[in-house]
Amino acid sequence: MYHHVKKLMYTVQVGTPDPRFGNMLLEQFGGANGELAAAMQYSIQGFNCEDPGCKDLLMDIGTEELSHLEVVGALIRMHLKPMKTDRAAAEADPLVAIAGGGGVSLVNSVGDAWTADYLKITGDLAVDLRSNIAAEARAKIVYERLISFTDDKGSKQALQFLMTREITHMRAFTAALESMEKPRFSIGIIKPTPGLVDQYFNASTGESDTSENGGSENRKNETLGGEPWTHNSGLQLVDSEIEGGEGLDITPYDPQPGTEVTSKKDSTPVGEDVGERKVKTPGKKLKAS
Ligand code: MN
Ligand code: MN
């Protein structure tokens, strides 16, 4: 059930309206990492969630994002206001000024319509929570960039509030993921192939060129062996056969459902002792009829 409270979550104050900045702010209204996308992603994941605690978290944060949409919408409207009457201001975004009357609609900063394609909803809690952690990181960096493009004190403070909440959400989603008590890399029900899963494939040849203009700062390829993802992570560096290496271990291995570590909080059928799923082959009956 939803209930609207006639009060903004954060009171917005704008000194001098800046229609161009209002246009940039639309990125957080109808953009890929914006508040509507966050609200919809978490809420719909919440509808799908089988675990009551995690469902509650997803619905709480999804609802807060809707409140953020309202706050950022109010901020945008204040900045766009001159577009309603002033030709020069209207030129900052003709689409918003002429088609939208200087108000907000579900478009991003270049006028692309909002789309459900922005959403990441897999129906697997551990996967969805990871998507949400990444989504919060993207929202945070977009707010940070917006902050750097305005001098208006009230706008900066409102954006600071919104940016801060995204890090809070990131922490909550991380805690929820940890509460599943699964090993860090356990996803789904089928364990990856032993051995192969530990192999880091060195798919590059030549020397690293660290300057964009083909300059002199070259780094020997061998130093790749010193990068943390080739040893601290438990991964082993494997060179390609074309470089005289052993290549990846491509020995065929049968998938074994029910072998991966799951959590009680996983959505069904993941988390239950599912074993092999029954595969029905469309057989002779189909052909005969
Ligand atoms: Mn938000
Ligand atoms: Mn958030």
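Q: What makes a stretch of this chain a helix or a strand, and what pattern do the elements follow?
A: Helices are DSSP runs of H or I with at least four residues, strands are DSSP runs of E with at least two, and both are numbered from the N terminus. Read along the sequence, the pattern is α-α-α-α-α-α-α-α-β-β-β-β-α, with nine helices and four strands in the chain. Welcome to a predicted model, where local features need pLDDT of at least 70 and side-chain atom pairs count only at pLDDT 80 or more, while totals for chains, interfaces and linings use all residues. Residues are numbered from 1 along each chain as its sequence is written, and chains are lettered from A and ligands numbered from 1 in the order in which they are written.

Q: Why are α3 and α4 called roughly antiparallel?
A: Axes are lines fitted to C-alpha atoms, for helices over the stretch in contact, and angles run from 0 to 180 degrees between N-to-C directions. The axes of α3 (residues 35–48) and α4 (residues 52–80) cross at roughly 160° and come within 8 Å. Angles over 145 degrees count as roughly antiparallel (under 35 is roughly parallel, 65 to 115 roughly perpendicular, the rest oblique), so α3 and α4 are roughly antiparallel.

Q: What makes α4 roughly antiparallel to α8?
A: The axes of α4 and α8 (residues 153–179) cross at roughly 170° and come within 11 Å. That angle makes the two helices roughly antiparallel.

Q: Which residues of α4 and α8 meet?
A: Two residues are in contact if their C-beta atoms, placed from the backbone, lie within 7 Å. In α4, Cys54, Leu57, Ile61, Glu64, His68, Val71, Val72 and Leu75 meet Ser155, Ala158, Leu162, Arg165, His169, Ala172 and Ala176 of α8.

Q: What is in contact with phenylalanine 29, leaving aside its neighbours within four places in sequence?
A: Phenylalanine 29 touches Gly34, Glu35, Leu36, Leu69, Val72, Gly73, Ile76 and Val104.

Q: What makes a set of residues a nonpolar core, and how many residues has the largest one here?
A: A nonpolar core is a set of buried Ala, Val, Leu, Ile, Met, Phe, Trp, Tyr and Cys residues joined through C-beta atoms within 7 Å. A residue is buried if 20 or more other C-beta atoms lie within 10 Å of its own (exposed if 12 or fewer, partly exposed in between). The largest such core has 44 residues, and Leu25, Phe29, Val72, Leu75 and Ile76 have the most contacts inside it. Helix α4 gives the most to this core, with 11 residues.
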